[in-house]
Amino acid sequence: MLTNQDEFISSIAWGKVNNLLPVIVQDFKTSEVLMLGYMNEEALRESLKQGKVVFYSRTKQRLWLKGEESGHYLNIVEMGLDCDKDTLLVLASPVGAICHTGSISCFEETSKKGDFVFLSRLERLINSRKNGDIGKSYTSELFAKGTKRIAQKVGEEGVETALAAVCGDKNELLNEGADLLFHLCVLLADKNLSLNEIIAILKERNAKKE
C-alpha cells in the first residue's frame, strides 16, 4: 500500500488541520464516495497497521475502528494525499452498508445519482435476482432459463446494436447498446463474474501500452 509509511505521515501538513486530517473514503470498485471522517496521527498509523480505516472520533474523543460494532469495515486498498497535503483520500473495499442508517453511502441521495454508481448498483440488483421468484421480474426469468438463453440474448443484442450503428440511427444505437450492456451484466452475474473483472483486464492491457 505505502512503501515508506513514516515518510508519508511526516509529509502531511498536520499544522494546517490542527492535527485532525479530513479523510474522504471512496469505494475502490464503484468510485462511490462513502463517507468523510477524521484521523490524527495515531489513527492513521493504526489504519496502516490494521489495513482497515480507523478514525479519530471527535465526539467520543478516542480512536474508532469503522465497523467495530456493525462489522461493516472499510478495508484499505490504496490511499493518497491531495495537492496541499492536508486531506487524505482512501480507496476502500467496504463490507456491508457504511452509513449508520443502513445506506451504502453517507451521501446516499446525492451519491446514487452518479452514472457509474448507478451501473454498479444495477449490477448489485441483477445479482439479487439470481434466485428471485420467476414471474416477478424479467431478470429472474432470464436466470431461470439458463446460461445458453442468456448468452443467446447477448448475441442478439450485439447484432442489433451493430445494425443500428450501420443504419446511422443514433437513438436506436443507444437503446440497443443499453440492452446489450444489461444482458452482458446478466451473463456475467450468471457466471459469478462482474464488470470490475473486465475493467481489470482493460487496465492491465492499458498499462502494457504506456
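## Around helix α7: packing, burial and two unusual loops

R129 lies in the loop between α4 and α5. This is a predicted model, and the tour below starts from that loop, moves to helix α7 and its partners, and ends with two asparagines that have positive phi values.

**R129 and the start of α5**

- With a relative accessibility of 29%, R129 counts as partly exposed, because its value falls between the 20% limit for buried and the 50% limit for exposed.
- R129 touches S137, T139, S140 and F143, once neighbours within four places in sequence are set aside.
- One of these partners, T139, sits 10 residues away from R129 in sequence, and the two C-alpha atoms are 6.3 Å apart in space.
- T139 and F143 also turn up on the α5 side of the contact between α5 and α7, which is described further down.

**Helix α7 itself**

- How does the span of α7 compare with what 1.5 Å a residue would give? The 21 residues of α7 should span 30 Å, and the end C-alpha atoms are indeed 30 Å apart, so the two agree.
- Which residues of α7 are buried? They are E176, F182, H183, C185, V186, L187, L188, A189 and D190.
- The cover over these buried residues includes α4 (115-128), α5 (138-145), α6 and α8 (195-209).

**α6 against α7**

- Helix α6 (residues 147-167) and helix α7 (residues 170-190) have axes that come within 8 Å and cross at roughly 160°.
- Since an angle over 145 degrees counts as roughly antiparallel, that makes α6 roughly antiparallel to α7.
- As for handedness, α6 and α7 cross in a left-handed way.
- From α6, the contact draws on T147, I150, A151, K153, V154, E157, G158, E160, T161, A164 and A165; from α7, it draws on E172, L173, E176, G177, D179, L180, H183, L184, V186, L187 and D190.
- Sorted by class, the residues in this contact of α6 with α7 are 10 nonpolar, 5 polar and 7 charged.

**Two residues of α6 up close**

- Is T161, a residue of helix α6, buried or exposed? T161 is buried, because its relative accessible area of 13% is under the 20% cut-off.
- Leaving out neighbours within four places in sequence, T161 is in contact with L173, E176, G177 and L180, and these four are also listed on the α7 side of the contact between the helices.
- G158 is found in helix α6 too, and at 27% relative accessibility it counts as partly exposed.
- G158 and E176 are 18 residues apart along the chain, with 8.0 Å between their C-alpha atoms.
- E176 is among the buried residues of α7.

**α5 against α7**

- The axes of α5 and α7 come within 11 Å, crossing at roughly 50°.
- That angle makes α5 oblique to α7.
- The crossing of α5 past α7 is right-handed.
- Y138, T139, L142 and F143 of α5 make the contact with F182, H183, V186, A189 and D190 of α7.
- By class, this contact of α5 with α7 has 6 nonpolar, 2 polar and 1 charged residues.
- H183, V186 and D190 of α7 appear here and in the contact with α6 as well.

**The loop between α7 and α8**

- K191 is found in the loop between α7 and α8, where it is partly exposed, with a relative accessible area of 47%.
- Although K191 and T147 are 44 residues apart in sequence, their C-alpha atoms are 8.1 Å apart in space.
- T147 belongs to the α6 side of the contact with α7.
- N192 lies in this loop between α7 and α8 too, and at 61% relative accessibility it counts as exposed.

**Positive phi at two asparagines**

- Most residues other than glycine have a negative phi.
- N192 has a positive phi of about 60° although it is not a glycine.
- N18, again not a glycine, has a positive phi of about 55°.
- Where does N18 sit? Its place is in the loop between α1 (5-10) and β1 (21-27).
- N18 is exposed, because its relative accessible area of 67% is over the 50% cut-off.

Technical notes. Residues are numbered from 1 along each chain as its sequence is written. This is a predicted model: local features need pLDDT of at least 70, side-chain atom pairs count only at pLDDT 80 or more; totals for chains, interfaces and linings use all residues. Side-chain values use heavy atoms; hydrogens and water are left out. Axes are lines fitted to C-alpha atoms, for helices over the stretch in contact, and angles run from 0 to 180 degrees between N-to-C directions. Helices (H or I, at least four residues) and strands (E, at least two) are DSSP runs, numbered from the N terminus. Angles under 35 degrees count as roughly parallel, over 145 as roughly antiparallel, 65 to 115 as roughly perpendicular and the rest as oblique. A crossing is left-handed if the near helix is turned anticlockwise from the far one by less than a right angle, and right-handed if clockwise. Contact means heavy atoms within 4.5 Å. Ala, Val, Leu, Ile, Met, Phe, Trp, Tyr, Cys and Pro count as nonpolar, Asp, Glu, Lys and Arg as charged, and the others, Gly among them, as polar. The expected span of a helix is 1.5 Å times one less than its number of residues. Buried means under 20% relative accessible area, exposed over 50%, partly exposed in between (1.4 Å probe, protein chains only).
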